[in-house]
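Subject: The structure, and what turned up in it

Hello,

Here is the structure to look at when you have a moment. Please open it first, and then read on for the notes.

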Amino acid sequence: MDARYRLLYDGECPLCSREVLTLHRRRPDAIDAVDIMAADFDPAAYGLDAAQVRSALYGIKPDGSVTVGMASLREAYRLAGVGWLIAWTGWWPARPACDAFYRWFARNRMGISRLLGRCDGSCSV
């Protein structure tokens, strides 16, 4: 089994790709970036289904445990050596607000990408 933390990200989302691939490049020995939009991606290999992995950023720890949403980002940032940047998002009272914001972002990521000019027109909702 791979000893790296696997981030299952939407490769069609410019913002998601940039964030996950930046973290992966910082620590490729600790973080593996897996594009859920790749033709050969099978969510069942992780005990998940397509709807789940498209709804949020999923992380798979080397022991097989799963993180979702902001918990996945916090773990990836920690492994990349920059956890201090978003550690506050896990502290009360910021955690519920940050987790809720993430869920909103995940639902609207393509529109946000277009709004920020990060989408070349190929983004789909």
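Below are the notes, from the overall fold down to single residues.

One thing to keep in mind from the start: this is a predicted model.

**Overall picture**

The protein has 4 helices and 4 strands. Reading from the N terminus, their order is β-α-β-α-β-β-α-α. The radius of gyration is 14 Å, close to the 14 Å that the globule rule gives for 125 residues, so the protein is as compact as a globular protein of that length. If you want to set up a box, the C-alpha atoms fill one of roughly 40 × 35 × 25 Å along the principal axes.

Of the 125 residues, 42% are buried. The accessible surface is about 7,100 Å², and carbon and sulfur atoms account for 57% of it. Looking at contacts between residues at least 6 apart in sequence, 62% join residues at least 24 apart. As for the charges, there are 16 positive and 14 negative ones, and their mean positions lie 7 Å apart.

**Strands 1 and 2**

Strand 1 covers residues 5-9, and 4 of its 5 residues are buried, so this strand is largely enclosed by the rest of the structure. Its pairing with strand 2 (residues 31-35) is parallel and runs over 5 bridges. To find the register on screen, look for Tyr5, which stands opposite Ile31 in strand 2.

**Helix 3 and what covers it**

Which helix is largely enclosed by the rest of the structure? That is helix 3 (residues 70-79), where 8 of the 10 residues are buried. The buried ones are Met70, Ser72, Leu73, Arg74, Glu75, Ala76, Tyr77 and Leu79. You may notice that Arg74 and Glu75 are on that list of buried residues. The cover over the buried residues of helix 3 includes strands 1, 2, 3 (58-60) and 4 (66-68), along with helix 1 (14-26) and helix 4.

**Gly59**

Gly59 sits in strand 3 and is buried, with a relative accessible area of 0%. Apart from its neighbours within four places in sequence, Gly59 is in contact with Tyr5, Arg6, Leu7, Ser65, Val66, Thr67 and Ser72. Two of these names appeared above: Tyr5 is the residue opposite Ile31, and Ser72 is one of the buried residues of helix 3. Pro96 is 37 residues from Gly59 in sequence, and their C-alpha atoms are 19 Å apart.

**Backbone details after helix 3**

Two places here may interest you if you check torsions. Gly81, which follows helix 3, has a positive phi, near 85°. Further along, the peptide bond between Trp92 and Pro93 is cis, with omega at about 5°. Pro93 is placed in the loop between helix 3 and helix 4.

**Helix 4**

Helix 4 spans residues 94-115, and Arg114 is found in it. Is Arg114 buried or partly exposed? With a relative accessible area of 39%, Arg114 is partly exposed. Between Arg114 and Pro96 there are 27 Å from C-alpha to C-alpha, for a separation of 18 residues in sequence.

That is everything I have for now. Happy to talk through any of it.

Best wishes

Definitions and conventions
Residues numbered from 1 in each chain as written. Predicted model: local features only at pLDDT ≥ 70, side-chain atom pairs only at ≥ 80, totals over all residues. Heavy atoms only, no water. Helix = DSSP H or I, 4+ residues; strand = E, 2+ residues; numbered from the N terminus. Rg over C-alpha atoms; globule rule 2.2 N^0.38 Å. Buried < 20%, exposed > 50% of the residue type's maximum accessible area, 1.4 Å probe, protein only. Contact = heavy atoms within 4.5 Å. Areas by Shrake-Rupley, 256 points an atom, 1.4 Å probe, with all protein chains shown as cover. Lys, Arg positive; Asp, Glu negative; His and termini not counted. Charge placed at Lys NZ, Arg CZ, Asp CG, Glu CD. Pairing = 2+ DSSP bridges.
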